[in-house]
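Okay, folks, let me put this one up on the screen. I'll start with a single side chain and then zoom out to the domains.

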Amino acid sequence: MIRLENVSKRYGDTLAVDGLSLHVPPGELFACLGPNGAGKTTTIKMLCGLLKPSVGRVSVGGFDLQTQGDRARQLISYVPDQPFIYDKLTGREFLEFIAGLYGMEPVHAARRMDEVIAIFHLGEFVDDLTERYSHGMRQRTVFASALLHEPKLLIADEPTVGLDPKSIRELKRLLRQLADGGTTVFLSTHTLDIAQELADRIGIIDRGRLIGCGTLDELRSAAAHDGSLEEVFLRLTETDPCA
Ligand code: ADP
């Protein structure tokens, strides 16, 4: 579903992503793990077609983001780390607006809106102006909007930041359900627990480079260490030959 081939991105003197190659098959929940500044957001923006790689090729569902960007973007929903929502709309109006952007047929849109309102428990506040929402309510509304058109690939940048423990648990359950239902989920996190608990495979990114990729067991053998993801992560980042 996702293919990155030798992708690099430079901002002036900063090499934010350095020769990244990665393949994520359909229905996988992949977590991109790394410290702040590692290059996770830059990678995600290239995956969504919001940034052009300086070098390399990115494709989603077999469509090249640069030459067939429109086809690729139809498959993708992206939830940024600071989701934007129009304050002067109600949650329902926001969902209607997003359904319109995707060109959803009205009867189908109405049915999907009912479904996502139920899934994300928005019923109690969906007719209030979003300016009154807490961070968790906004996040749930944005996730609901992202899933309206049933994307094949959901990309979420640091989705659990700022959420309370109950919302985090609900979100984790939902992401797992989506992947089990065949949606590919690509998320970034700097939280080891989230990656360890949720992901089918984990990519460890450090200073723009993918220094480890696989299941927790595969990462353990790569690091020659049988411990927690934290210990494996530290071992891999400390033995990085470019560190
Ligand atoms: P992460 O999401 O892992 O925290 P980012 O992809 O945001 O990392 O950033 C990777 C590197 O690129 C950092 O050194 C950051 O300072 C730099 N960077 C990110 N965006 C820009 C930009 N627009 N201009 C210049 N440098 C940037």
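**One glutamate, two domains**

So, the side chain of Glu-28 makes a polar contact with the side chain of Arg-201, at 2.9 Å. By polar contact I mean N or O atoms within 3.5 Å, where within protein one must be able to donate a hydrogen and the other to accept it, and residues adjacent in sequence count only if both atoms are side-chain atoms.

Before I go on: this is a predicted model, so local features need pLDDT of at least 70 and side-chain atom pairs pLDDT 80 or more, while totals for chains, interfaces and linings use all residues. Numbering runs from 1 along each chain as its sequence is written, and side-chain values use heavy atoms, with hydrogens and water left out.

Is Glu-28 buried or exposed? Buried, at a relative accessible area of 10%; the cut-off for buried is under 20%, with a 1.4 Å probe and protein chains only. Glu-28 sits in the loop between strand 2 (14–24) and strand 3 (29–33), strands being DSSP runs of E, at least two residues, numbered from the N terminus.

Okay, zooming out. The domain assignment, automatic or from a database, gives domain 1 (2–75 + 151–238) and domain 2 (86–149). Their centres, over C-alpha atoms, are 26 Å apart. Contact here means heavy atoms within 4.5 Å, and 13 residues of domain 1 touch 10 of domain 2 that way.

What about salt bridges between domain 1 and domain 2? Zero, counting a side-chain nitrogen of Lys or Arg within 4 Å of a carboxyl oxygen of Asp or Glu. Two residue pairs are in polar contact there, both at pLDDT 80 or more.

Notes
Helix = DSSP H or I, 4+ residues; strand = E, 2+ residues; numbered from the N terminus. Buried < 20%, exposed > 50% of the residue type's maximum accessible area, 1.4 Å probe, protein only.
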